[in-house]
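Hi there,

Here is the structure I promised to pass on to you. Please open it beside this message, and my notes will follow below.

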Amino acid sequence: MFTREEALAEAIKCSGCGFCLSVCPVYEAVGIETLSSRGRVDTLRGVLLGQLELSERMMQILDTCLLCRACEEVCPPGVKLHRVLMEGRAKAVRQRGLPWAKRLAFRRLLKDRRYLSRALGYLRPLLKEDRGIPGSKIRHLPSLFSGIAGGRGLPPIASRPLRARVGPVTAPVGNPRGRVGFFSGCYMEFVETGMGDATVGVLSQEGFEVFYPREQTCCGAPALYSGDVEDALEIALKNARAFLSQKLDSVIVGCATCFDCLKKGYSSLSSSLQGEEKEMLEEFSSMVEESSSFLVKKGLSRRRRLSSPNLVTYHDPCHLSRGGAIVREPRELLASIEGLELKEMSQPRRCCGGGGSFGLAHPEISIEIGRWKVQDIQATGAKIAVTSCPGCILQIQEVARREGAEIKAVHLMELLHGAL
Ligand code: SF4
Ligand code: SF4
């Protein structure tokens, strides 16, 4: 990961110009300077230098960043805030340890799909159906957790995980064009399994044999972005082994956060390894490709058309547009669908406020940021918001439900799959 020296080098670059204040969604929502990029860099510099204690206030400064990296784009000296944040969080884990819930999740549930599957099986009957909106897919957490999470809704946990329906190998349709691995991620595996069906389906329709190894587990982003480098490394090596057991052209990911973690996160994690393990992690990370960018590189072999013309808008997940510079590719795929009209939002790249577990840890800030996104979607007149991240879909649907907005959020692969 990033060393203290690397993080400090970023922190001392800040000139205090304040450009970042105008783009930070958290600062806009709460109006507190220490929760902007400038404020965070200022205070965390002191923590990294050992001049300031890791107090509760510092923990709040560390925890309330979405890691959306909007601030990095506008920063004249190019401060990489995420490096400062990540080292600050890693230091907090080293000094204070992890809260019990994260310890349980990172050390047990995320490392083995069998444990997570069992835990979700217990949770599933506890989720209460939303009676307010007919046909709503949203469920509510049991009241104890709901209180903690600000009454946020959750989508239903699938009655059968994706792997119970999609086999370890899916044959290509038509002329074979290659062999790829499929990294499912937790949402597609256990929650929105239809997105997983669609991703495997599109790859197969496009002539790729799809290998879906059962040994894969969570990408480890929750552990990595919480500063738990040790568990993130263990998870990374497990995933690398699961895919490198086969000869593959690429490993395809349909979740923006998983993609960022497998590509950039694993690559920086590998710097703390040596020898065979380091090579293995680097090789795996170099094979990872995001689904839309992979398909554009290869070129679509089939024409797609909507059954009836439709207006859609596209939301750029932060982990794709800023993490991976993938902005053009999803739009190219949308433009290739006959009967589809794309109307851009005023700020399609603005964060939706989901931020993985940020939405559960800071529900008020998350919903406030999401509200802006939903209004921007509504202003386009489109009833469908397409994106490439299950986490963003969950956030947009949840905020739209609260706002009474008639918007459906769908994954780009679902749209492509259904348009053949
Ligand atoms: S990464 Fe995003 S949330 Fe964090 S300080 Fe920068 S702009 Fe604000
Ligand atoms: S834009 Fe960059 S240099 Fe300016 S205050 Fe923000 S972090 Fe510091």
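What follows is a short tour, starting with the ligands and moving on to single residues. Please keep in mind that this is a predicted model.

**The two ligands**

Ligand 2 sits in the largest cavity, and ligand 1 sits in the second largest.

The shell around ligand 1 consists of C24, P25, V26, S37, R40, C65, L66, L67, C68, R69, C71 and L81. Sorted by class, that makes 9 nonpolar, 1 polar and 2 charged residues. Two helices, α2 (25-30) and α3 (37-48), each contribute at least two residues to this shell.

Around ligand 2 you will find C14, S15, G16, C17, G18, F19, C20, S37, R38, C75, P76 and P77. Here the classes come to 7 nonpolar, 4 polar and 1 charged. If you click on S37, note that this residue belongs to the shell of ligand 1 and also to that of ligand 2.

**Two backbone angles beside ligand 1**

Two members of the ligand 1 shell, L67 and R69, deserve a look at their backbone. L67 is not a glycine, yet its phi is positive, at about 55°. R69 also has a positive phi without being a glycine, with a value near 65°. L67 is in the loop between α4 and α5 (70-74), and R69 is found in that loop too. Are these residues buried or exposed? L67 counts as buried at 12% relative accessibility, and R69 is buried as well, with a relative accessible area of 15%.

**Helix α4 and its surroundings**

The helix before that loop is α4, which spans residues 56-63 and has M58, M59, I61 and L62 as buried residues. Why do they lie on the same side of α4? They do so because the arc they cover around the axis is only 160°. In general, an α-helix has 3.6 residues a turn, so residues three or four places apart point the same way. As for partners, the buried residues of α4 pack against α3 and α6 (81-96).

You may also want to look at I32, in the loop between α2 and α3. I32 is partly exposed, its relative accessible area being 36%. Beyond residues up to four places away in sequence, I32 touches Y27 and R57.

**Four more residues to click on**

- D231 lies in helix α13, residues 229-244. This aspartate is charged, so its burial may catch your eye: D231 has a relative accessible area of 3%. Apart from neighbours within four places in sequence, D231 is in contact with F106, R107 and K111.

- F211 lies in strand β6, residues 208-211, and is buried with a relative accessible area of 8%. Setting aside neighbours within four places in sequence, its contacts include P168, V169, F182, A242, F243 and L248. For a sense of scale, the C-alpha atoms of F211 and Q95 are separated by 41 Å, with their positions 116 residues apart along the chain.

- H315 is placed in the loop between β9 (304-314) and α17 (318-321). How accessible is H315? At 0% relative accessibility, H315 counts as buried. Leaving out neighbours within four places in sequence, H315 is in contact with M345, P348, R350, C352, K373, V386, T387, C392 and I396. The C-alpha atoms of H315 and L81, which are 234 residues apart along the chain, are separated by 23 Å; L81 is one of the residues around ligand 1.

- K408 is found in strand β12, residues 408-411, and counts as exposed at 52% relative accessibility. Again leaving aside neighbours within four places in sequence, K408 is in contact with K383, I384 and A385. K408 and V312 are 96 residues apart along the chain, and their C-alpha atoms are separated by 9.9 Å.

**Where I would begin**

If you have time for one view, please start with ligand 1 in the second largest cavity. From there you can step to L67 and R69, with their positive phi values, and then to the buried residues of α4 that pack against α3 and α6.

Happy browsing, and best wishes

Methods:
Residues are numbered from 1 along each chain as its sequence is written. Chains are lettered from A and ligands numbered from 1 in the order in which they are written. This is a predicted model: local features need pLDDT of at least 70, side-chain atom pairs count only at pLDDT 80 or more; totals for chains, interfaces and linings use all residues. Side-chain values use heavy atoms; hydrogens and water are left out. A residue is near a molecule or strand if one of its heavy atoms lies within 4 Å of it. On a 1 Å grid over the protein atoms alone, a cavity is a set of points where a 1.4 Å probe fits but cannot get out, and a pocket is an open set with protein on both sides within 12 Å along at least five of seven lines; lining residues have an atom within 4 Å of a point. A molecule sits in a cavity or pocket if more than half of its atoms lie within 2 Å of its grid points. Helices (H or I, at least four residues) and strands (E, at least two) are DSSP runs, numbered from the N terminus. Buried means under 20% relative accessible area, exposed over 50%, partly exposed in between (1.4 Å probe, protein chains only). The arc is that of the directions from the helix axis to the C-beta atoms. Contact means heavy atoms within 4.5 Å.
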